Amino acid sequence: MKVWLFLLILSITFTIPFNTALAEPDEHWAILIGISDYAPAGSGGPDLQYADDDANDMYQVLTNEHGWKKENIIKLVDSAATKTGIQNAVDNLSNRVNPNDLFLLFYAGHGSYTTDQPPIDEADGFDEYILTHDQEQILDDELAIMLEKINANKIVVIMDSCFSGGFFKLADIETRTVPGPPPESLSDTINGDLAKQGYIVLSASDEDETCAESSILQNGIFTFYLIEGMFMKPFPADFNNNRKVSAEEAYTYAAPRATNFNPNQHAQIWDAIPSEANLTIINQIIGGTLTPSNKLRIAIFYLGLPALLGIFSMAAYKYRKVLKSQFSRF
Ligand SMILES: [Ca+2]
Ligand SMILES: [Ca+2]
Ligand SMILES: [Ca+2]
Ligand SMILES: [Ca+2]
């Protein structure tokens, strides 16, 4: 066998064991929304301080620490996060996402509630909604329909907004008893809206609670602790020590800490994904995640080194023949 062929086969053999994605999603996609500046642009409107930071920081931690591709993320901050802008982003990614992918929707901004709009689905008579930059509402009913366009087996929704638990819980009839369908008629329906198979929804607050952002933390409180748990290896939220942070682990890390910081908010989770939804992309290698830079290092080490050896061997072999031919003159 030719030396270079042998070395090529050797290189490939060394490279194969690292392609072990198996149960992990093929691709990760995200829409990250953070609205601090509400219309009118600049001062005025119900502005927040740190919701834009939440989306920006989430973008940084996903791309820098967890290997997400920047081109797979649509970030909508402040004036970009209009209702149309958000709808367009969902339409855009709906054409690119495949069933074996993971899709993340992150929202930081205002959330509130309004009289239950058709479909009449809320035991307490109120739909929850998030507020876009242009002060349009996206009702929980609407968001559920909007996300049906995303054909992914794993859909993770993270909401750092008031009353966000109401995006999967229908009622806390003790705290909001106001006109609407009688609670008895819906008493067998505990969950609604985004409470679907294939979804994990993390909410910063229960459906009858506000949540807060903090000038000390410079983030939404819930988002701050999500990011803390996902920041720097070994990730604090990696409770099962597989060097990945799943949405479930991020929640387990952040929820009690957020309540400890602000006793008025209690993060909630809807989890209808049988396996874990890992937010860290595929395998780690020799103490690191398989980020593009690590891939390059691996490629250099396992492919580059034998290739260099091969070139060296071929050069030596050729040079030996030259030497031999020179010798034969004598
Ligand atoms: Ca409704
Ligand atoms: Ca609803
Ligand atoms: Ca609701
Ligand atoms: Ca883990």
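A residue is buried if 20 or more other C-beta atoms, placed from the backbone, lie within 10 Å of its own, exposed if 12 or fewer, and partly exposed in between. Show the whole protein chain: 41% of its 330 residues count as buried. This is a predicted model, in which local features need pLDDT of at least 70, side-chain atom pairs count only at pLDDT 80 or more, and totals for chains, interfaces and linings use all residues. Residues are numbered from 1 along each chain as its sequence is written.

Switch to cartoon view. The protein chain has seven helices and 13 strands (DSSP runs numbered from the N terminus: helices are H or I, at least four residues; strands are E, at least two).

**Stop one: helix 5.** Select residues 221–230. Nine of the 10 are buried, so the rest of the structure largely encloses this helix. Among the buried ones are F222, F224 and Y225. Now add helix 2 (51–65) and helix 6 (247–261), which are among the elements that the buried residues of helix 5 pack against. Just after helix 5, click M232; its phi is positive, near 65 degrees.

**Stop two: a sheet.** Select strands 4, 5 and 6. They form an open sheet in the order 4-5-6, with antiparallel pairing (two strands pair if DSSP finds at least two bridges between them). Strand 4 (111–115) and strand 6 (137–139) are the edges, each with a single partner strand, so one side of each has no neighbour in the sheet. Strand 5 (residues 126–131) pairs with strand 6 over three bridges. Which residue of strand 6 is the bridge partner of I130? Pick I138.

How values were computed: Chains lettered and ligands numbered in written order. Contact = placed C-beta atoms within 7 Å.
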